[in-house]
Amino acid sequence: MKNALLAWFQANERDLPWRKTRDPYAILVSEVMLQQTQVDRVIPRWRAWLERWPTVEALAAASAADVIVAWQGLGYNRRAINLHRAAQHVATHGWPDDLTELPGVGAYTAAAVGNFAFGHDVLPVDTNVRRVQERTGESFDGSCAQALFDLGATICLARVPRCGDCPLAYACPSRGRRYEPLRKQPAFEGSFRQRRSLALRAVAAGDQPADGDALVSLARDGLVVLHDGVASLPA
DNA sequence: GTCCGGAGTA
DNA sequence: TACTCTGGAC
């Protein structure tokens with residue numbers, strides 16, 4: 001199966017700019033951005049981010065406020081803070097052997113940076129890779145990572161896989177199956193998440209939001225600081 | 001297990 | 001309008 005996968009990948013690889021670098025910082029930024037957002041939206045944001053902060057030292061020297069503002073619209077604002085803190089850790093101590101020591105870096109992201117930047121033969125298992133492995137019953141090694149990403153993103157889709165176009169269908173026991181959605185999420189409209197988002201945007205714009213609960217929650221995550229009830233972005 | 005954003009899509 | 005989509009922290 002591995003050979004069929006890699007042959008397909010050679011002919012169908014997506015053109016993603018972070019695949020052209022081995023800089024662990026640039027790759028980490030791409031992985032953190034991609035943890036929540038579609039590839040097409042991330043590409044311009046990733047380019048702009050690296051233009052503004054080309055190195056891990058540059059990001060470490062930025063203010064948290066600038067990082068939060070630059071992250072606007074990418075979602076999950078805690079990740080921006082974690083990325084900033086991770087950069088400060090690396091700028092001070094260098095890259096740790098165990099990348100999960102960095103805030104916001106778990107098993108998946110550590111494996112991705114370890115493989116793509118440091119050349120370790122580890123397979124970063126994200127939801128796409130897990131799905132392909134479960135459906136095919138095959139265990140792939142680290143050299144298949146990018147191929148599995150692309151297969152999972154374009155062919156082996158979560159609910160209605162395109163088995164007719166799949167290079168692994170000939171040997172796949174799940175060929176032709178369809179699946180129920182795995183998670184359900186409450187509506188964003190009217191949610192506390194939305195209130196947090198609105199409050200943070202207001203603070204970033206220099207306003208004082210009236211939503212105290214949202215501000216307290218943001219302060220717990222280090223996204224705002226409260227002094228005598230006055231909210232501002234962290235320095 | 002729950003929480004976390006918000007744009008794209010049907 | 002309602003629903004889809006992530007990995008990590010807790």
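1. A good place to start is helix α1 (residues 2-12), which packs against α9 at an angle of about 75 degrees, the axes being 9 Å apart. Axes here are lines fitted to C-alpha atoms, for helices over the stretch in contact, with angles running from 0 to 180 degrees between N-to-C directions. The model is predicted, so local features need pLDDT of at least 70, and side-chain atom pairs count only at pLDDT 80 or more, while totals for chains, interfaces and linings use all residues. Residues are numbered from 1 along each chain as its sequence is written.

2. α1 and α9 are therefore roughly perpendicular to each other (65 to 115 degrees). In contact terms (heavy atoms within 4.5 Å), L5, L6, W8, F9 and N12 of α1 meet Q146, A147, L148, D150, L151 and T154 of α9.

3. S174 sits in the loop between α9 (145-154) and α10 (192-204). S174 counts as buried because its relative accessibility is 12% (buried means under 20% relative accessible area, with a 1.4 Å probe and protein chains only). Its side chain reaches the backbone oxygen of R135 at 2.8 Å. Leaving aside neighbours within four places in sequence, S174 is in contact with R135 and Y179.

4. Now to the DNA: 18 residues surround DNA strand C, and the closest are Q35, R79, G104, D126 and T127 (near means that a heavy atom of the residue lies within 4 Å). Of the strand's atoms within 4 Å of the protein, 64% belong to sugar or phosphate and the rest to bases.

Technical notes: Chains lettered and ligands numbered in written order. Heavy atoms only, no water. Helix = DSSP H or I, 4+ residues; strand = E, 2+ residues; numbered from the N terminus. Buried < 20%, exposed > 50% of the residue type's maximum accessible area, 1.4 Å probe, protein only. Polar contact = N/O pair within 3.5 Å; in protein donor to acceptor, adjacent residues only side chain to side chain. Parallel < 35°, antiparallel > 145°, perpendicular 65-115°, else oblique.
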